[in-house]
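These are my notebook entries on one chain, taken down as I looked up its charged pairs, its cysteines and the packing of its helices.

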Amino acid sequence: MLQPGQTAPSFLLHDADMQPVALSSFKGRQHVVLYFYPRDGTPGCTLEASEFSDHEEQFVRHGCVILGVSRDDCLTHAAFRDKNGLSIQLLSDPEGEVCRLYGVLQEKETEGVKRECLVRSTFVIDKKGVIRHAAYGVNPKHHVADIFNVVRKLKS
């Protein structure tokens with residue numbers, strides 16, 4: 001698991017429009033809220049993505065961009081975004097490589113079958129690329145407000 005004070009692992013993923021998004025492109029320019037969620041279209045994931053989108057302008061005013069990551073593909077992300085009127089960028093990590101870098105995949109066993117599950121997690125990364133907040137296993141209710149309080153305390 002990653003801890004505050006560590007350098008955020010760099011990555012390059014594609015968004016819902018199949019455009020490449022690199023964490024390094026925000027360095028020196030914007031803080032980043034990087035949140036990982038299990039799957040497009042589920043109730044908790046829809047709530048979280050909708051709330052981040054609804055409050056995106058507040059984050060932007062504090063020099064922050066919001067990036068959501070799941071293992072869904074770009075087309076699924078586009079459909080999820082369009083159906084729910086989401087404005088935040090959704091990034092696709094189908095192989096789970098970035099999920100592994102951030103320690104958000106856990107192996108679970110159900111009825112003797114082991115599989116990897118994505119644990120809902122959020123990281124606040126400052127303009128220098130340093131993790132300032134790391135939360136694993138978060139509850140989507142009131143989560144956006146909690147993360148906004150962290151972002152508000154970062155220096156512009």
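**Entry 1: Arg-100 and its partner.** I began with Arg-100 in this predicted model, and I noted it as partly exposed because its relative accessibility is 42%. Its side chain meets that of Glu-116 in a salt bridge, with 2.9 Å from N to O. The pair links distant parts of the chain, since Glu-116 belongs to strand S7 (residues 113-118) and Arg-100 to helix H4 (residues 97-101), 16 residues apart. For Glu-116 I found a relative accessibility of 37%, so this residue too counts as partly exposed.

**Entry 2: the other salt bridges I followed.** How many salt bridges does the structure hold? The count is 7, and I looked up two further ones. In one of them the side chains of Arg-61 and Glu-57 meet at 3.4 Å, N to O. Both residues lie in helix H2 and are 4 residues apart, which is about one turn of the helix. I then checked how open the two ends are: Arg-61 counts as exposed at 59% relative accessibility, and Glu-57 is exposed with a relative accessible area of 59%.

The other one joins Asp-82 and Arg-81, whose side chains meet at 2.9 Å, N to O. Here I wrote the two ends down separately, because Asp-82 counts as exposed at 54% relative accessibility, whereas Arg-81 is buried with a relative accessible area of 18%, under the 20% that I take as the limit for buried. I also noted that Arg-81 and Asp-82 are linked with Asp-17 in a network of salt bridges.

**Entry 3: the cysteines.** Next I asked how many disulfides there are. The count comes to 0, and I went on to see why for two of the cysteines. The sulfur of Cys-64 has its closest cysteine sulfur in Cys-99, at 19 Å, which is too far for a bond, given that I require two sulfur atoms within 2.5 Å. For the sulfur of Cys-74 the closest cysteine sulfur is again in Cys-99, at 13 Å, and this is also too far for a bond. As to their surroundings, Cys-64 counts as buried at 1% relative accessibility, and Cys-74 counts as buried at 13%.

**Entry 4: helix H5.** I listed the buried residues of H5 (residues 143-152) and obtained His-143, Val-144, Ile-147, Phe-148, Val-150 and Val-151. These residues cover an arc of only 155° around the axis, and therefore they lie on the same side of H5. When I looked up what they pack against, I found helices H1 (43-54) and H2 (56-61), together with strands S3 (31-36), S4 (64-70), S8 (121-125) and S9 (131-136).

**Entry 5: helix H1.** I first checked the length of H1: at 1.5 Å a residue its 12 residues should span 16 Å, and because its end C-alpha atoms are 16 Å apart, the two values agree. The buried residues of H1 are Gly-44, Cys-45, Thr-46, Glu-48, Ala-49, Phe-52 and Ser-53. What covers these buried residues includes the helices H2, H3 (74-84) and H5, as well as the strands S3, S4 and S8. I close by setting the last two entries side by side: H1 is among the elements that the buried residues of H5 pack against, and H5 in turn is among those that cover the buried residues of H1.

Definitions and conventions:
Residues are numbered from 1 along each chain as its sequence is written. This is a predicted model: local features need pLDDT of at least 70, side-chain atom pairs count only at pLDDT 80 or more; totals for chains, interfaces and linings use all residues. Side-chain values use heavy atoms; hydrogens and water are left out. Buried means under 20% relative accessible area, exposed over 50%, partly exposed in between (1.4 Å probe, protein chains only). The arc is that of the directions from the helix axis to the C-beta atoms. Contact means heavy atoms within 4.5 Å. A salt bridge is a side-chain nitrogen of Lys or Arg within 4 Å of a carboxyl oxygen of Asp or Glu. The expected span of a helix is 1.5 Å times one less than its number of residues.
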